[in-house]
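Student: Please take a close look at one part of this model, its interior, and at what packs there. Give the cut-offs along the way.

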Amino acid sequence: MTDKYKGIIASNGIAMGDIYIYSKEEIKANQEEIDSSKVDAEIEKFKSAIKNYFRDLEDREKTTKEEEEIANAHKELLQDPFLEETVVNKIKDENKNSELALSETIDEMVTTMSLLDDDYLKERAADYKDIGEQLMYKLKGIKPKNLSKLDGKCIIISKELTPSDTSTMDKKNVLGFATDLGGKTSHTSIIAQTLGIPAVVGMGNISSKVKDGDYAIIDGDSGFILLNPSQEEKEEYTNKIKSLEEEKKRLDKIKNSTAITTDGKTIEVSANIGNLSDLDVAIEAGCDGVGLFRTEFLYMENTHFPTEEEQFEVYKKAAEKLEGKPLIIRTLDIGGDKGLDYYEFPKEDNPFLGYRAIRMCLDKVDVFKTQLRAILRASAFGKIRIMTPMIISVDEVKKTRKYLEEIKKDLDKENIDYDKNIELGIMVETPASVMMADKIIKYVDFFSIGTNDLTQYVLAVDRGNENISYLYNTYNPAVLRAIKRTIDESHKAGKWTGMCGQFALDITATKLLLGLGLDEFSGTPSNISKVKDTVLNTSLEESKKFAEKILDMEDTQEIERMVIENN
Ligand code: PEP
Ligand code: MG
């Protein structure tokens, strides 16, 4: 019988082939103390390990942007005085040998990062572990095992793959991989997505259940791995691969088309990004622009509030890469579950209802104005729009406008160029902003509906609470009515509404959202061509009729069923 194991989808697609088990022996640090006469030598040894690994990173062949970025990120961490100082101090003050000092330092860093509430930053702990491992090899003078030369095409099964493993692996021979550890946002998963290698991670202990030469199917669309499948299953998956390839070819042909309904309404299909490398993926996927740039990552990955110059460089590059396509930059949306290492948020009973996003920005005006000024300056280099999160009142918009005007005056005085007609919009993600949509729209140029939060606030259902996750459903008629009201109020004022919550590029919902009147859809790049495909084959008039029917319904599950049937 075939064994089937479930994990976390890291990269879509299907791969079939023989297994190659990749296991590295754990290398342990020497635990002996050193006497004072050896301190200088151990420090020197550590410094030369850093230099050697730095050189390796420079020499390493990099075929993707992610690999380039990982190498750069590792180089940056190697140059970070914190790492070197902490290790050197442990050698000097605690008489630890360089291996022990390094392993303790890395353990401490990894523990701190793993405790963070943010998945993305949690995953960055893997980079520290990776650097620790590479430096340990250097200190011990061992040549690490790697995947750079494989004998033939295979599926890699491993406890864990570090970003270095993935960066250096023999890509033409890796059909797919599955690992015991890892999450969706790890660098390893990101590389797999970029290379189009199917991968499933977080599989528990798959590596102990397989042996070299076993046959496996990795189903990166459903998050399964099938071990030693039957002939029938192999045939079934061979056919699936064929039809996926054909579908991909078909969608690739339309990915850069303008999405126009059969009766002539043009829809913008855009991408959500968190950094510049996401933008490369989005452009490759055929995005019409960026509907949401989550700038909080710039702040979260930093050791200080990013300066105007640091932000300006990123926004400018993003605008230039888009070559005139719109870039909606969301101002800092921090707080709630997203913290900062260098800033202590007040302890609150309900952080999601607390000091966050625009509330914090209007309180820490210097931080807010620094960001607005960086965005305004970057607006001279492309089509930038500004968007503020968590708005509940006209007053918050007026204050934002006031700060914008003050900065514009300063820029005028300093003869610094910017887009004088830069548009300002808000995220509609609170019930208050929906109820006040008719008033707020007078002060802004557009709305973008944040269904992730709007669903949680309209339904009073915490979006991260598993006990009540069955209630968290954007098809709930209360949420659909909120969406409809928002769109209608913007249209009445001659303005437009987009959506940047996950629901926007949920391909099941496309026709419904068209019928509700949505003008712009923005989400993860992987679904862009599919949404464009649906738009190109749908009539607005028909979808409007369908949406009317849905809006008249009472029951969430029935609505969802009906929407699925309508596809
Ligand atoms: C949303 O709330 O829908 C949204 C896009 O913002 P975030 O997921 O970043 O809160
Ligand atoms: Mg939100």
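Tutor: What follows goes from the cores to two helices, a metal site, two threonines and the cysteines. Residues are numbered from 1 along each chain as its sequence is written, with chains lettered from A and ligands numbered from 1 in the order in which they are written. The model is predicted, so local features need pLDDT of at least 70 and side-chain atom pairs count only at pLDDT 80 or more, while totals for chains, interfaces and linings use all residues; side-chain values use heavy atoms, without hydrogens and water.

The largest nonpolar core has 95 residues, and the members touching the most others are Y315, L327, I483 and L512. (Such a core is a set of buried Ala, Val, Leu, Ile, Met, Phe, Trp, Tyr and Cys residues joined through side-chain atoms within 4.5 Å; buried means under 20% relative accessible area, exposed over 50% and partly exposed in between, with a 1.4 Å probe and protein chains only.) Helix α13, residues 365–378, contributes the most to this core, with 7 residues. (Helices, H or I of at least four residues, and strands, E of at least two, are DSSP runs numbered from the N terminus.) A separate second core holds 29 residues, including F46, V88, I106 and M136. In soluble globular proteins, nonpolar side chains tend to be buried together.

Y315 is in contact (heavy atoms within 4.5 Å) with F293, T295, L298, L327, I329, Q371, A374, I375, A378 and I384, when its neighbours within four places in sequence are left aside. Among these partners, Q371, A374, I375 and A378 are also buried residues of α13.

In α13 itself, 10 of the 14 residues are buried, so the helix is largely enclosed by the rest of the structure. Besides those named above, its buried residues are V367, F368, L372, R373, L376 and R377. The buried residues of α13 pack against α10 (296–300), α11 (308–321), β12 (326–330), α12 (357–363), β13 (383–388) and α14 (394–413). Its length fits as well: at 1.5 Å a residue, the 14 residues should span 20 Å (1.5 Å times one less than the number of residues), and the end C-alpha atoms are 20 Å apart, which agrees.

Helix α20, residues 528–536, has 7 of its 9 residues buried, and is therefore largely enclosed by the rest of the structure. Those residues are I528, S529, V531, K532, D533, T534 and V535. They pack against α8 (231–254), β9 (259–260), β10 (266–273), α9 (276–284), α19 (510–516) and β17 (520–523).

The magnesium ion, ligand 2, is coordinated by E429 (OE) and D453 (OD) at 2.1 to 2.2 Å. (Donors are N, O and S atoms within 2.8 Å of the metal, or 3.2 Å for Na, K and Ca; water is not among the atoms, so sites may look incomplete.) E429 sits in the loop between β14 (423–428) and α15 (431–435) and D453 in helix α17 (451–459), so the pair ties together parts 24 residues apart in sequence. Both E429 and D453 are buried.

T455 also belongs to α17 and is buried, at 0% relative accessible area. Its side chain reaches the backbone oxygen of T451 at 2.6 Å, and a polar contact of 2.9 Å joins it to the side chain of T474. (A polar contact is a pair of N or O atoms within 3.5 Å; within protein, one must be able to donate a hydrogen and the other to accept it, and residues adjacent in sequence count only if both atoms are side-chain atoms.) Leaving aside neighbours within four places, T455 is in contact with Y472, N473, T474 and V479.

T497, in strand β16 (496–499), is likewise buried at 0% relative accessibility. T497 touches F447, I449, T486, I487, S490, L518, D519 and E520, not counting residues up to four places away. With S490 it makes a side-chain polar contact of 2.7 Å.

As for cysteines, there are 0 disulfides (cysteine sulfur atoms within 2.5 Å). The sulfur of C500 is 14 Å from the closest cysteine sulfur, in C287, too far for a bond. C500 is buried at 1% relative accessible area, and C154 is buried at 7%.
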